Amino acid sequence: MGAETEYGIHAPGGSSFNATWLSTQVVHAYSQETKQRAAAGGETRWDYTDEDPLADARGWSMPRNVAHPSQLTDNESELTAAQIALEGGETGDPSIPLMMNMVLGNGARLYVDHAHPEYSSPEVTNPLDAVRWDAAGDLVALAAVRRIAATPGLPEINLYKNNTDNKSVSYGSHENYLMPRHVPFKNIVSGLTPFFVTRAIMCGAGRVGLGQDGSGMGFQISQRADFFEAEVGLETTIRRPIINTRDEPHAVAEKYRRLHVIIGDANLSQVSNYLKFGTTALVLDMIEHGNAPELEFADPVSTLREISHDWQLQQTHLLRNGTRVSALDVQWLYLNAATAHAAANGSTDPTTGDSHTAALLAKWEEVLTALGNDPMSLASQLEWVAKLNLLQQYRARDKMAWNDPRLGLIDLQWSDVRPEKGLYYKLLQHGRMQRLVTDESIAAAVLAPPTDTRAYFRGRCIQEFGAHVVGASWDSVIFELPQLRRLQRVSTKEPLRGTHALTAGLFDANTGLADFLAQLLSGPH
Amino acid sequence: MASQEQKNVSSRTEEEHVDEAPLPTPAPDSGAAQAATSGVDDLLDEIDGVLESNAEEFVRGFVQKGGQ
């Protein structure tokens, strides 16, 4: 699994800068910050060979000429000074090439996606690692912000890990899950939709304002809920669907699909992020084995919104069979099914099970129980409850109505990536937010890839041979061999190959690139 | 009362050994969580000090272009 985070980007102070130019400065700053790669020749180009954003998981492909321009994500965007000037932005120093794409030594990708900087985490195998390498991205964003602040001539640039500007615009934080290709897509849709419609009660990030433009007064559980308008679809920027059908596996296509999940909020809270990745992965496993609960909301899109707006968890929602359930009822249904599923397949067995499922189920149960008794008791765990708690304290002290601009500012500044400004980080510093992974391990994850996926190979290649890596993607690394006049493309289409166990010996032998590649391509790696 | 608590604790030891979760779940700082309003006030005072100065203008200026 893996996480993608598009950061909100803002240059305060009135001057209007081109958002793409600002985002490019973030990527550029990080490449300057990590001197190793900058000295080695700058950016690693993204290899778009295997990208196919118009392939639909339901079995067809959208013609390019009917696609919205923002859907053509396999075209490398070349940002020219002329383009920026046309859009009324500042170009900065024209002698410095603009850097829009990097592959990092931890296996992640940092690039400009539309008008936001995006960090796509390396592939991981468990939810704690998902939390760790996603949080590492926040430190990458912070390092870029610091670098920009220390660079004369550049405007102040702030980054926010949120999902809306409260003025009708939303930007995503996506999750990706590897699944076997043989699972029928209709089973994924039916098994996942009720879960996605209700899971925000655990992993919503909280939002001040109702409606896409935030003009309605009040608080809601999710940043994203009001921006979803369809049940199933290919789009991610318009008519956003609860289940996204983009079918770019970035792996052996006959064996795997990558389920691209666009409905989640970006999370700073580790507990919310952990439950988001962990419970979703578990539900997908249940769907794969035919053990998912069977229920269907009468109107999933409007129910998604109602649940987000019902932060007191009072309402029930109509099912297609005419009965009514609460969001909490639905989550209990999934938890109970997951507990039985895990007991049956042995994954929670204390001696023979994996080391993650039992802990995940325990946390899921703890949180659902507390949501049923007193949601506010989760103020140190769930992101929306923590944010709401802070807002309520302000409202009580200063007698503020929900449309007070200071509450909007608290909502926004909650997600500032700078620990001296970000309010989430203030609560963390005061011991008011629970940690599941240590600060040290997050800092280590900025530099080091996970050891148990192909991200290990990608990351070590950048670390060891960065000067000779001319391109990379999720399923390839392309080398330029100094002595040969050709490029060598190494395919990494098996997500669980290229691990530490399989390739660390080759890297550590320290033989030089030519021998490394010769051994790699002759061996069973 | 004290002895009863003691008994409860010891009778649960065995069970706790069995389902020892590998996930580190440190308890929230219960001292801070239970601190009286003064703790909350101190926190809000500190946050007052870091909030951007003109809330209305700052929030209005935060305009994003579309994303995914």
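These are my notebook entries on a predicted model with chains A and B.

**Entry: chain B**

I began with chain B. I listed its secondary structure and found four helices and zero strands. Read from the N terminus, the order is α-α-α-α. I then looked up burial. Chain B has 68 residues, and 7% of them count as buried.

**Entry: the A–B interface**

Next I asked how many residues of each chain are in contact across the interface. I got 46 residues from chain A and 31 residues from chain B. I then sorted the chain A side by element. Strand 2 (8-10) supplies at least two residues there, and so does each of helix 10 (357-373), helix 11 (383-398), helix 12 (405-413) and helix 13 (423-429). Which element of chain A gives the most to this side? I noted helix 12 of chain A, with six residues. I also split the chain A side by residue class. I wrote down 16 nonpolar, 18 polar and 12 charged residues.

**Entry: domains of chain A**

I looked up the domain assignment of chain A. Domain 1 is given as 182-226 + 266-414, and domain 2 as 449-522. I checked the spacing of the two domains of chain A over C-alpha atoms. Their centres are separated by 39 Å.

**Entry: Asp113(A)**

I turned to the annotation. The unreviewed UniProt entry marks Asp113(A) as "active site". I placed Asp113(A) in strand 7 of chain A, residues 109-113. Is Asp113(A) buried or exposed? I counted 25 other C-beta atoms within 10 Å of Asp113(A). The cut-off for buried is 20 or more, so Asp113(A) is buried. I then listed what Asp113(A) touches, leaving out residues up to four places away in sequence. The list reads Glu6(A), Glu118(A) and Gln68(B). Gln68(B) belongs to chain B, so I logged this as a contact of Asp113(A) across the two chains.

**Entry: strand 15 of chain A**

Last, I examined strand 15 of chain A, residues 256-261. Five of its six residues are buried, so strand 15 is largely enclosed by the rest of the structure. I looked for a partner and found strand 10 of chain A, residues 173-180. Strand 10 and strand 15 of chain A pair in the antiparallel sense, over six bridges. Which residue of strand 15 of chain A does Tyr177(A) stand opposite? I recorded Leu259(A). I added one reminder for reading side chains here. In a regular strand they alternate between the two faces of the sheet.

Key: Residues are numbered from 1 along each chain as its sequence is written. Chains are lettered from A and ligands numbered from 1 in the order in which they are written. This is a predicted model: local features need pLDDT of at least 70, side-chain atom pairs count only at pLDDT 80 or more; totals for chains, interfaces and linings use all residues. Two residues are in contact if their C-beta atoms, placed from the backbone, lie within 7 Å. Ala, Val, Leu, Ile, Met, Phe, Trp, Tyr, Cys and Pro count as nonpolar, Asp, Glu, Lys and Arg as charged, and the others, Gly among them, as polar. Domain bounds come from an automatic or database domain assignment. A residue is buried if 20 or more other C-beta atoms lie within 10 Å of its own, exposed if 12 or fewer, and partly exposed in between; C-beta atoms are placed from the backbone. UniProt positions are given in the numbering used here, feature names are shortened, and annotations may be inferred rather than shown by experiment. Two strands pair if DSSP finds at least two bridges between them.
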